[in-house]
Amino acid sequence: MFVTGSYDHHINVWDTNTAQVVMNFKMPGKVYRNAMSPIARSHMLIAAGTEDVQVRLCDMGTGAFAHTLSGHRDGVMSLEWSTSSEWVLVTGGCDGAIRFWDIRKAGCFRVLDQSHSQFGRRPPLLVRPTTNKKSSLTGQGSSGKVRAPQRKSANGNTSKPHPVGRASSQMKTAKQRSHPGMLSSHDRATGHYGVVTGLKVTEDGMYLLSAGSDSRLRLWDMESGCNTLVNFETTRLQNSKAIQIAVSQDSTLAFVPCMSTVKVFDIWSGQTKCSFRGHYENVNCCWYNAMDQELYTGGNDRHILVWSPYELNMDKVDEWRNEQAAAVDQDNWSD
């Protein structure tokens, strides 16, 4: 079976054998993007991004909505499941925010900020230095407790400092009471200056590629949430419709719909390797087939094009080799 979403406010589940709709979900607005986890083993959820601010999870097992994810301040135009965890969902909204969700918990656990950057690839893990317990105990009394210094006020009386443990516990409880998806610092963070039109997680699950209506491509570290500052060459991207980005299996090339063409970018340098031209109107989606090394593209011209590597004619290759061997064996001396 396969799943489709449309501007008619519906998500349909189709049976490929009968070509009939076997399940239908009514959405509150236009469906911009729907996706299922490629590695899910514990659930059969369809994540749907629509005109509504909430992301809805449709359960094919029950035929009903499982729950909703609240946090965006505008419609959700793009979403992508993680390729390393079946519970992690990444969404991009019309508010410019890119949010990370653990669908088992309430609220998002991360909002990407373009100003939070880290140049280049992920650095190697640092080994934490082991602390010496004996050195940490030096300077303490026989009881093992350290007395905090007392402050003197203006009238000469001494005032006791507030206990650190109690203050930290109060801050933790206050932070837990606030909704994790609606923190003020998260609301100010944006991944793009405009609509987030496309998201794609690399096959190894380590990096996230995002596209926005600001005609910018950004590469993010999935673990730290940092912007890697890869300077992708300037290009024109659609700003009123979601686009589907494709990435090669080795996570070195990115295929991005750029108006009526498809550009191939080097993920780590941001340089344009080549461009595919064949559609007469804007290209909306790309899909890379790693097994056959083929690229499938679809556009507003109602065409699906298949791009494959150049195939050599082995008969012509053998003929050329025989000609080269004959030329080497030929006697150049004249009679």
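Which residue in strand 22 is the bridge partner of Asn289? In this predicted model, the partner is Glu294. The pair belongs to a longer run of bridges. Strand 21, residues 283-289, and strand 22, residues 294-299, pair in the antiparallel sense over six bridges. Four residues lie between the two strands of this hairpin. One residue of the hairpin, Gln293, takes a positive phi near 55 degrees. Most residues other than glycine have a negative phi.

The chain as a whole is considered next. The chain holds four helices and 23 strands. Of its 335 residues, 38% are buried. Contacts between residues at least 6 apart in sequence were also examined; 44% of these join residues at least 24 apart. The exposed area of the chain is about 20,700 Å². Carbon and sulfur atoms supply 51% of that area.

Confidence varies along the chain. The mean pLDDT is 81, and 75% of the residues reach 70 or more. Two stretches stay under 50. One covers residues 124-146, where the model has one contact beyond four places in sequence. The other covers residues 159-184, where the model has 18 such contacts.

A second hairpin involves strand 8 and strand 9. Strand 8 spans residues 76-81 and is mostly covered, with six of its six residues buried. Strand 9 spans residues 88-93 and runs antiparallel to strand 8, with five bridges joining the two. One of the paired positions is Ser78, whose bridge partner in strand 9 is Gly92. Six residues connect the strands in this hairpin. In a regular strand the side chains alternate between the two faces of the sheet.

Ser37 sits in the loop between strand 4, residues 31-36, and strand 5, residues 45-50. Is this loop residue buried or exposed? Ser37 counts as buried because its relative accessible area is 12%, below the 20% cut-off. The side chain of Ser37 reaches the backbone nitrogen of Ala40 at 3.4 Å. Beyond four places in sequence, Ser37 touches His43, Trp81 and Glu86.

Asp221 lies in strand 16, residues 217-221. Asp221 is buried, since its relative accessibility is 2%. A polar atom of the Asp221 side chain lies 2.9 Å from the backbone nitrogen of Glu223.

The loop that runs between strand 16 and strand 17, residues 246-247, contains Lys241. Lys241 counts as partly exposed because its relative accessible area is 27%. Which residues does Lys241 contact, leaving aside neighbours within four places in sequence? They are Tyr7, Met77, Thr197, Asn284 and Asn300. With Asn300, the side chain of Lys241 makes a polar contact of 3.3 Å. The C-alpha atoms of Lys241 and Gly198 are 9.3 Å apart, although 43 residues separate them along the chain.

Two further loop residues have unusual backbone angles for their residue type. Most residues other than glycine have a negative phi. Ser251 is not a glycine, yet its phi is positive, at about 60 degrees. Ser251 is placed in the loop between strand 17 and strand 18, residues 253-258. Its relative accessibility is 5%, so Ser251 counts as buried. Met259 also has a positive phi, near 60 degrees. The loop that holds Met259 lies between strand 18 and strand 19, residues 261-266.

The cysteines complete the description. How many disulfides does the structure hold? The number is zero. Cys258 is in no disulfide, and the nearest cysteine sulfur, that of Cys286, is 8.6 Å away. Cys258 counts as buried because its relative accessibility is 4%. Why does Cys285 form no bond with Cys286? The sulfur of Cys286 is the closest cysteine sulfur to that of Cys285, but the distance is 6.8 Å, so the two are too far apart for a bond. A disulfide needs sulfur atoms within 2.5 Å. Cys285 counts as partly exposed, since its relative accessibility is 28%.

Methods: Residues numbered from 1 in each chain as written. Predicted model: local features only at pLDDT ≥ 70, side-chain atom pairs only at ≥ 80, totals over all residues. Heavy atoms only, no water. Buried < 20%, exposed > 50% of the residue type's maximum accessible area, 1.4 Å probe, protein only. Contact = heavy atoms within 4.5 Å. Areas by Shrake-Rupley, 256 points an atom, 1.4 Å probe, with all protein chains shown as cover. Polar contact = N/O pair within 3.5 Å; in protein donor to acceptor, adjacent residues only side chain to side chain. pLDDT = per-residue confidence, 0-100. Pairing = 2+ DSSP bridges.
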